[in-house]
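Dear colleague,

I am passing a protein structure on to you, and I would be glad if you kept it open on your screen while you read the notes placed below it.

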Amino acid sequence: MGLWVVKMTGEEAKPGLAQGLCQGLESPRILVIRLARMGDILLLIPTLKALRGNLPRSKISVLVGHRCAPILEMCSAVDEVISVDRVAMRDGSKLTALGEIFRLAENIRRRKFDLVLDLHSFRETNLLTWYSRAPLRLGLKRAKAAFLSFCFNMDPVIEDKTQHVCSVFLASLKALRLKAGEPDCRLDLSIPDHEFARLFLEQNQMASGARLAGMYIGASSPGRRWPLKKFSELAEFLSRETNIYSILFWGPQEQAVARQIEETFPPSFRTLAAGSLPLRQMASLMSHCDLLISNDTGPMHLGPAVGVPTLGLFSLALPEHYHPLGTFSHFIRKASIEEIEVEEVHQMAAKMLRLT
C-alpha cells in the first residue's frame, strides 16, 4: 500500500497533512459521499476530476443514490460507483431498511478508505463517515442542517449560498491542500452513446447537419416550469428565424406534460419529442444539440456536462448558486417563471447560437 509520510496523533488530523497523507500512499482509497440530487451530482464532477488530477493513482469511489448512478458511470475520474436506493429504504420495511443500512456501513468500513469526503452531510452520512474509520474525514457543513462534528477530524467545508454549488464542492480540495484548477464538468460519452444519438436522429428523419436546440420542458415544481405554450412559441421562432429544429425532453414523473405535446407543438414548428429517456441516452442526444434551453432542474446541468451552451430559466432558486456552468451558458431569472417572455428567451438563444 506504500508508506505513510506523516504520523497521526489520536483522532485529530493536523492542518496541512491531508495532501502528504494521500500522496504518501501508492494508491490512496478515497470515498466521496453525495447521495442526491441530479444537478448536485453533475456539479460534483469538477471536484472528482480535480481529485483525479491531483492524485492520479488514487482509487476514487462515490456513494450515490441509485437514480443518479448512471451520471457517475459516465465520468472517467470515478473508479467505482456505490449506489443505494434511499427511497426503498424509506418506504419499505423498517427491519429491511435497518439491515441494508448495516450492510452498507460494514461494506464501507471493510474497504478501509484513507479519505472520506462527506459532501451530502446529513446525520446518517456523518455517522457513516465516522464509522468508516478513515484516517482523514472531511465534511460539508450545511447552512440549515445538523452537523455531527465528532464524526470528522478536519475543519468542515462551510456551505455558502452566495457561491456556486460547484465552488462549494471544490472548496473541499482547498481544505485538503489540493489544487482545484479550472472546473471541468464534462462527462465522457462512449462510441455507443454517440451511435444511439445518431440512429435516433436518423430514424426520426432529422437531416444530417441540421442545427438542433434541446428544450427540457419538465421540472419537479410547477413554480419552476416555464409554460409549455411559451416553449411552443419559442420553437416556432427558432424554426422560422434561425432554421433550428427543437428536441423536447422531460422526465419520467412528467407524463402529464407529454400528453399536451401533440396539441401544443404542431408539425410546422419542426419539433421532435424525445421524451423521457434514460440518463445516458438523454446525455448522448443532448450532446448533438447546438443549444439547450431548460427550466431550472437537474437535467439542465447535463447540457454543460456534454459541452452544450445552456440557457437556464429561473424563478424560485438562486441562479448564483445553481446557474449552468460553461463559458457560453447564461440564465434568465424573474420573480415568477411566467414573467419570462418568449422574445427575451429567443433573443438570448439567437445570440448564443451566433456565438457558437
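What follows is an account of the overall fold, then of the salt bridges, and finally of one tryptophan. Please keep in mind throughout that this is a predicted model.

Overall fold

The secondary structure of the protein consists of 14 helices and twelve strands, and along the principal axes its C-alpha atoms fill a box of roughly 70 × 45 × 40 Å. You may want to know how the radius of gyration fits the chain length: for 356 residues a compact globule would be expected to have a value near 21 Å, and the 22 Å found for the protein agrees with that. Of these 356 residues, 52% are buried, while the surface that the protein exposes comes to about 16,700 Å², with carbon and sulfur atoms supplying 53% of it. When contacts between residues at least 6 apart in sequence are considered, 62% of them join residues that are at least 24 apart.

Charges and salt bridges

The protein carries 43 positive and 37 negative charges, and the mean positions of the two sets are 6 Å apart. How many salt bridges does a search of the whole structure find? The search gives 15, and I describe some of them here.

In one of them, the side chains of R52 and D79 meet at 2.5 Å, taken from N to O. This pair links distant parts of the chain, since R52 belongs to helix 2 (residues 38-54) and D79 to the loop between helix 3 (69-72) and strand 3 (80-84), with their positions 27 residues apart in sequence. R52 counts as buried because its relative accessibility is 17%, which is under the 20% cut-off, whereas D79, with a relative accessible area of 44%, is partly exposed.

Another salt bridge joins the side chains of R224 and D296, at 2.4 Å from N to O. Here too distant parts of the chain are linked, as R224 sits in the loop between strand 7 (212-216) and helix 9 (228-242), and D296 sits in the loop between strand 10 (291-295) and helix 12 (302-305), 72 residues apart. Is D296 buried or exposed? D296 has a relative accessibility of 6% and therefore counts as buried, while R224, at 22%, counts as partly exposed.

The salt bridge between the side chains of E100 and R103, at 3.0 Å from N to O, lies within a single element: both residues are in helix 5 (residues 94-110), three residues apart, which is about one turn of the helix. E100 is partly exposed at 36% relative accessibility, and R103 is also partly exposed, with a relative accessible area of 49%. Finally for this topic, R34, R37 and D40 are linked in a network of salt bridges.

A tryptophan to look at

In helix 6 (residues 123-131) you will find W130, which counts as partly exposed because its relative accessibility is 40%. Which residues does W130 contact, once its neighbours within four places in sequence are left aside? They are R137, F150 and C151. If you would like a distance to check for yourself, W130 and V84 are 46 residues apart in sequence and lie 18 Å apart in space, from C-alpha to C-alpha.

With kind regards

Note on methods. Residues are numbered from 1 along each chain as its sequence is written. This is a predicted model: local features need pLDDT of at least 70, side-chain atom pairs count only at pLDDT 80 or more; totals for chains, interfaces and linings use all residues. Side-chain values use heavy atoms; hydrogens and water are left out. Helices (H or I, at least four residues) and strands (E, at least two) are DSSP runs, numbered from the N terminus. The radius of gyration is taken over C-alpha atoms; the globule rule is 2.2 Å times the number of residues to the power 0.38. Buried means under 20% relative accessible area, exposed over 50%, partly exposed in between (1.4 Å probe, protein chains only). Contact means heavy atoms within 4.5 Å. Accessible areas come from the Shrake-Rupley method with a 1.4 Å probe; for residues, only the protein chains shown count as cover. Lys and Arg count as positive and Asp and Glu as negative; His and the chain ends are not counted. The place of a charge is taken as NZ of Lys, CZ of Arg, CG of Asp or CD of Glu. A salt bridge is a side-chain nitrogen of Lys or Arg within 4 Å of a carboxyl oxygen of Asp or Glu.
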